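Reader: I have a structure to go through at the bench. Can you take my questions one by one?

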Amino acid sequence: MFRLPRNLSMGALSPPERRLHGALRAPLLAAAMLWSATLGGAQQQASAPAPPAADNKPATYVGSETCQMCHEDIFNAFAKNPHHAVETDKKRGFETKACESCHGPGSKHAESVSAADIRNPAKLKPAEADKACLTCHLNQPTHVGRLSGSHAKNQVACVACHSVHKNGPDGMVARKASDINKQCAACHTDVWASFQRPYKHRLPEGAMSCVDCHNPHGTSLPRSIQTARANEPGCYKCHGDKAGPFVFDHAPVRVEGCATCHQPHGSANPRMLTRAQVAQVCLECHSNLPVPKPAANATLGSVPPAIHDLRSPQFQNCTNCHQKVHGSNVSRDLFK
Ligand code: HEC
Ligand code: HEC
Ligand code: HEC
Ligand code: HEC
Ligand code: HEC
Ligand code: HEC
Ligand code: HEC
Ligand code: HEC
Ligand code: HEC
Ligand code: HEC
């Protein structure tokens, strides 16, 4: 039996259907039947013996009201879902059939009620599932770089973080800092453990969240680091006084980034430094002695002149004199 898709409109036609329609200038019904027949014919050629044509036709759109018949709860809850906009918006091509924007055409499933006849993004490979979402969500500002982001590359699908059918404030998108942290911590347990150290940003208290520093959708910067204005690392959003530009830069701040000297996820050391004493941090670069463990990508600095008697306690606290370790506008030696 041939069933004409409900609510068929130009917006809903896939490109081949649209091409056929345009070329023949035939009534919509004829075009749809021809499209269906063409595809049926191709399939019959490929597989003999030919099954009845009715089983062969591709699934078509039936509209959300058809889904409602059997999925009443989901349908009702959907009225409060942000995606309900798809149901009512004429421009997106899925007016009155929003369910099928993610689940694909549902005519076969509506007849067979078999799970095999409907697309369930949760059961697809992440890359396949993401494709369904990205038909609409590609090129949104929040998703810049998504396809090269670490989550996409490592098969963490959109639906791992967004439960499409959950409503309420934290339903589809975690918004509260504590909820976001919980979501991220579920997979990144080691990172979360760092935030239990004594010196850290106040994530466990819910005052800040992972997405203050990271974009879960990926960016062009490694580690999906959030950016502030002018594409600078997101630390400057809150620590603008470290941004400069300074007349006298301290090279590693600019060149290697904050994580050269700080552990942004938390540290056993005051100021979240990589080492217990400030002098140890400095001498990793400013020393002609072989260092026990130089920072991974450290550029070496100059060696302190001879006046620095490192055995004297006076010289051990470098920042007593070199106060402006992040950069200075008055002193080449970063004194003030
Ligand atoms: C005639 C009743 C009926 C209609 C109409 C119907 N469904 Fe279903 N649907 C079911 C049943 C029954 C199941 C459970 C199948 C199973 O678990 O084997 C199901 C399961 C599903 C699933 C889960 C599949 C999976 O992999 O677990 C999705 C998604 C779904 N339906 C979407 C839809 C959409 C979208 C529509 C409208 C286009 C729709 N359904 C219309 C009866 C229906
Ligand atoms: C924005 C995409 C999207 C839209 C729109 C959408 N769904 Fe879903 N649906 C999903 C995803 C993703 C899942 C997998 C489970 C999950 O992540 O919540 C799902 C799961 C389901 C299931 C399986 C239920 C279960 O508990 O596993 C049914 C049934 C279903 N959807 C029906 C519908 C119906 C009916 C509509 C329209 C009222 C609809 N969906 C609209 C994305 C969507
Ligand atoms: C047919 C187009 C379409 C598809 C397909 C689609 N979305 Fe959406 N999505 C929308 C629209 C429209 C909104 C409403 C907000 C807006 O205008 O951007 C939205 C909003 C969202 C939001 C934000 C909700 C909020 O509270 O701000 C999330 C998260 C989201 N979608 C995730 C997904 C995921 C995950 C998928 C795939 C399973 C998906 N979308 C598939 C059109 C779509
Ligand atoms: C690792 C978890 C994760 C993954 C994977 C993920 N998101 Fe998100 N998404 C989030 C979080 C967390 C937020 C809230 C961000 C915020 O508040 O800044 C969000 C926000 C959103 C929003 C709302 C943006 C806004 O500003 O209102 C949309 C739309 C969205 N995501 C769509 C997607 C789509 C589409 C995919 C897959 C291509 C995806 N997300 C993958 C975690 C994720
Ligand atoms: C479903 C599991 C899962 C969830 C939830 C998740 N991630 Fe991930 N994340 C991964 C995997 C897998 C990778 C890639 C392997 C790795 O680097 O650990 C990754 C990588 C990353 C990276 C990049 C690491 C790099 O080396 O480039 C960052 C940053 C990140 N995640 C932050 C977050 C944030 C923020 C959230 C919460 C919004 C989050 N993740 C939620 C699984 C997850
Ligand atoms: C204060 C800013 C900040 C916060 C908050 C933050 N990160 Fe990071 N994160 C960074 C920086 C900076 C790096 C890069 C460190 C480096 O290059 O050595 C990083 C690296 C990572 C990495 C990759 C390297 C690694 O250590 O495994 C992952 C994964 C990650 N963060 C996940 C998270 C998660 C999950 C949260 C929330 C629980 C979080 N981050 C909170 C700044 C932050
Ligand atoms: C959302 C705002 C925000 C962002 C983004 C942020 N910080 Fe912070 N940071 C704070 C606040 C607020 C404090 C004060 C300490 C507290 O919360 O207890 C702080 C404290 C610190 C301290 C310790 C200061 C002290 O006196 O002990 C260091 C070091 C630091 N941040 C480095 C960074 C680095 C590096 C980044 C980027 C990877 C970063 N921060 C991103 C808000 C932020
Ligand atoms: C060359 C090592 C180094 C680099 C790189 C570095 N810091 Fe620091 N930072 C320090 C030291 C050392 C202290 C402690 C100063 C003290 O004890 O007087 C400190 C202290 C801080 C403090 C707390 C005290 C204050 O001045 O507000 C913040 C916040 C901070 N750094 C943020 C950052 C940010 C953001 C970046 C990246 C833009 C960064 N740091 C890069 C070495 C560094
Ligand atoms: C990751 C390596 C690194 C670390 C750690 C580091 N520096 Fe530097 N520092 C440099 C480099 C590189 C220069 C630029 C040297 C040049 O231009 O010859 C520099 C420049 C300086 C200068 C300016 C003098 C000059 O040679 O231009 C002073 C003073 C200084 N650092 C002090 C410190 C202090 C104090 C600390 C510890 C808080 C510290 N540095 C930590 C790499 C580092
Ligand atoms: C008592 C104050 C004082 C302390 C403490 C101190 N310095 Fe200095 N430092 C100076 C002075 C003064 C100069 C400038 C000497 C000159 O210009 O001839 C200097 C110069 C430097 C320079 C080279 C600047 C250049 O122009 O080449 C470096 C590097 C440096 N100090 C690193 C350190 C480190 C690392 C520590 C901690 C281990 C430290 N300083 C502790 C006073 C101090």
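Reader: Is methionine 272 buried or exposed?

Author: This is a predicted model, and the answer comes from a neighbour count. Methionine 272 has 21 other C-beta atoms within 10 Å. A residue with 20 or more counts as buried. Therefore methionine 272 is buried.

Reader: Where does methionine 272 lie, and what is its phi?

Author: Methionine 272 sits in the loop between H15 and H16. Its phi is positive, in a residue other than glycine. The value is near 55°.

Reader: Valine 113 also has a positive phi. Is valine 113 buried or exposed?

Author: Valine 113 has a phi of about 50°, although it is not a glycine. It lies in the loop between helix H8 (107-112) and helix H9 (126-137). It has 10 C-beta neighbours inside 10 Å, and the limit for exposed is 12 or fewer. So valine 113 counts as exposed.

Reader: Which residues does the cis peptide bond join?

Author: Omega of this bond is about 0°. The proline of the pair is found in the loop between helix H14 (235-238) and H15. The bond joins glycine 244 and proline 245.

Reader: Which helix gives the most to the shell around ligand 6?

Author: The shell holds 19 residues, and the closest are Cys184, His188, Cys210, Cys213 and Pro264. Helix H12 (177-187) and helix H13 (189-194) each supply at least two residues. The most, 3 residues, come from H12.

Reader: How many residues of the shell around ligand 6 are charged?

Author: The shell around ligand 6 divides by residue type. The nonpolar group has 12 residues and the polar group 5. The charged residues number 2.

Reader: Now ligand 9. Which helix gives the largest share of its shell?

Author: Around ligand 9 there are 23 residues, of which Cys282, Cys285, Gly301, Ser302 and Cys318 come nearest. Three helices each supply at least two residues of this shell: helix H15 (251-255), helix H16 (278-283) and helix H18 (318-321). The largest share is 3 residues, and it comes from H16.

Reader: How many residues around ligand 9 are nonpolar?

Author: Take the other groups of the shell around ligand 9 before the one you want. There are 8 polar residues and 3 charged ones. The nonpolar residues number 12.

Note on methods:
Residues are numbered from 1 along each chain as its sequence is written. Chains are lettered from A and ligands numbered from 1 in the order in which they are written. This is a predicted model: local features need pLDDT of at least 70, side-chain atom pairs count only at pLDDT 80 or more; totals for chains, interfaces and linings use all residues. A residue is near a molecule or strand if its C-beta atom, placed from the backbone, lies within 6 Å of it. Helices (H or I, at least four residues) and strands (E, at least two) are DSSP runs, numbered from the N terminus. Ala, Val, Leu, Ile, Met, Phe, Trp, Tyr, Cys and Pro count as nonpolar, Asp, Glu, Lys and Arg as charged, and the others, Gly among them, as polar.
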